[in-house]
Amino acid sequence: MASHRRPKQPSRTRVTVLTTAAAAAVALSSQAANAAPSEKPSKDEVKAKVDKLYEEAEQATEKYNGAKEKQEKLQKEISTIQDNVARGQEELNELRDGLGSMASAQYRSGGIDPSLQLFLSADPDNYLDKASTLDQLSGQQVDALKKIQVKQRDLAQQRSEASEKLKDLSATRTELGKKKKEVQGKLSSAQKLLNTLTAQEKAALQKEEQRANRASERQVLTGGKSTPASGRAAAAFAAAQSKIGTPYVYGATGPSSFDCSGLTSWAYAQAGVGIPRTSQAQTGAGTRISSMSQLQVGDLVFFFNDLHHVGLYAGNGQVLHAPRTGTNVRYESMSTIGGPFMFGVRV
């Protein structure tokens, strides 16, 4: 006969746990439904983050420029040393050939013992002339040997110097690659942020920038009196003015694109003045001007504590410069650069 057992009832503890879990799930679902979606950064917040990334990219750009300049300098130095070594090796070979020729001549003329040669000679005076020649050849050999030793030491030193510079060049190339990646990474991050903006937000930012540009240009043209540029400073400033509207490209030195120090070095080159490539190096290109009130049009002006940005003073508190990626060469108020004015330099 089959047994009829009542189904086992869940324990009171289990019921309590299940009920509590279900209540928690409902509460979490309710909170998730009522929670506000993550807020999208505002246009101004995005701009602030992008500006910061661009500033960091410019810092890396100046370091990239410095490494590139060092690489080019090392390549020239190595090429010069290698040319000198090649010429020195030719001179050494000629000295060795000359020594060999003298040794052969001496053997042919003086291979017989001098006393026997004198005994066999029918003309003693002729022998004495030959003996004198032999002594002279011996002196030439000594001189040739000394020259060979000196040349060998010089070549060894030059080869060692070239080897050290090649190591330095390799390290510089590695540094250059790292800085390039750093710049590209900053610019890529900035672009991703900009891509989060709507077309209307991008247009609004562009209009704001255009208004600021027009205000700076008006200030340059109609503002209070500033000490005008003269001589080569005037020529450099005029050259930079001719490039207003030219795009900023990191590492570029013109004439179709520039970074900040690329513009200033190019402008002064058009005036016949060579100044260093990087902003930090350009601080030593002339007389330092500490007060903004003493600046003259065409002076170099430097910004940020690490001096990674440079432009040309345009008068009336304005600067003519290549600001950053995404912008063109333009006038801008020195108060809106994003970093403090440090000092000027009169080239």
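Biologist: What sits over the ring of Phe343?

Modeller: That's the charged end of Arg288, 3.8 Å from the ring centre. Keep in mind that we're looking at a predicted model. The distance part of the test asks for 6 Å or less, and 3.8 Å is within that, so the distance fits.

Biologist: Let's turn to rings meeting rings. How many aromatic pairs are there?

Modeller: The count comes to four. Take Phe258 and Trp266: their ring centres are 5.4 Å apart and the planes meet at 65 degrees.

Biologist: What makes Phe258 and Trp266 an edge-to-face pair?

Modeller: Two checks. Centres have to lie within 6.5 Å, and planes over 60 degrees apart count as edge-to-face. With 5.4 Å and 65 degrees, Phe258 and Trp266 pass both, so edge-to-face is the right label.

Biologist: Are Phe258 and Trp266 buried or exposed, and how do you know?

Modeller: Buried means under 20% relative accessible area. Phe258 has 0%, so it is buried. Trp266 has 15%, which is also under the cut-off, so Trp266 is buried too.

Biologist: Why is the pair of Phe302 and Phe343 called tilted?

Modeller: Their centres are 5.5 Å apart, and there are 40 degrees between the planes. Stacked needs under 30 degrees and edge-to-face needs over 60, so 40 degrees falls to the remaining label, tilted.

Biologist: What makes you say this pair links distant parts of the chain?

Modeller: Phe302 is in strand E2 (residues 300–303), while Phe343 is in strand E6 (residues 341–346), and the two are 41 residues apart. Both rings are covered as well: Phe302 is buried at 0% relative accessible area, and Phe343 at 9% counts as buried.

Biologist: How do you know that both faces of E2 are covered?

Modeller: In a regular strand, side chains alternate between the two faces of the sheet. In E2, Leu300 and Phe302 are on one side, Val301 and Phe303 are on the other, and all of them are buried.

Biologist: Why do you say that E2 pairs with E3 and with E6?

Modeller: Two strands pair if there are at least two bridges between them. E2 has four bridges to E3 (residues 309–315), so that pairing holds, and the two run antiparallel. E2 and E6 also have four bridges in the antiparallel sense, so they pair as well. Across the strands, Phe302 stands opposite Val310 in E3, and Leu300 stands opposite Val345 in E6. E2 and E3 form a hairpin with five residues between them, and Phe304 in that turn has a positive phi of about 75 degrees.

Biologist: Now to Ser265. What makes Ser265 buried?

Modeller: Its relative accessible area is 12%, and the limit is under 20%, so Ser265 counts as buried. Ser265 lies in helix H7 (residues 260–270).

Biologist: Which backbone oxygen atoms does the side chain of Ser265 reach?

Modeller: That of Ser261 at 2.8 Å, and that of Gly262 at 3.2 Å. Polar contacts need a distance within 3.5 Å, so both distances fit. Not counting residues up to four places away in sequence, Ser265 also touches Ile275, Pro276, Arg277 and Gln282.

Biologist: And the whole chain? How many helices and strands are there?

Modeller: Eight helices and six strands. Along the sequence, the pattern is α-α-α-α-α-α-α-α-β-β-β-β-β-β. Of the 347 residues, 34% count as buried.

Terms used. Residues numbered from 1 in each chain as written. Predicted model: local features only at pLDDT ≥ 70, side-chain atom pairs only at ≥ 80, totals over all residues. Heavy atoms only, no water. Phe/Tyr/Trp six-rings, centres within 6.5 Å; stacked < 30°, edge-to-face > 60°. Buried < 20%, exposed > 50% of the residue type's maximum accessible area, 1.4 Å probe, protein only. Lys NZ or Arg CZ within 6 Å of the ring centre and 35° of its normal. Polar contact = N/O pair within 3.5 Å; in protein donor to acceptor, adjacent residues only side chain to side chain. Contact = heavy atoms within 4.5 Å.
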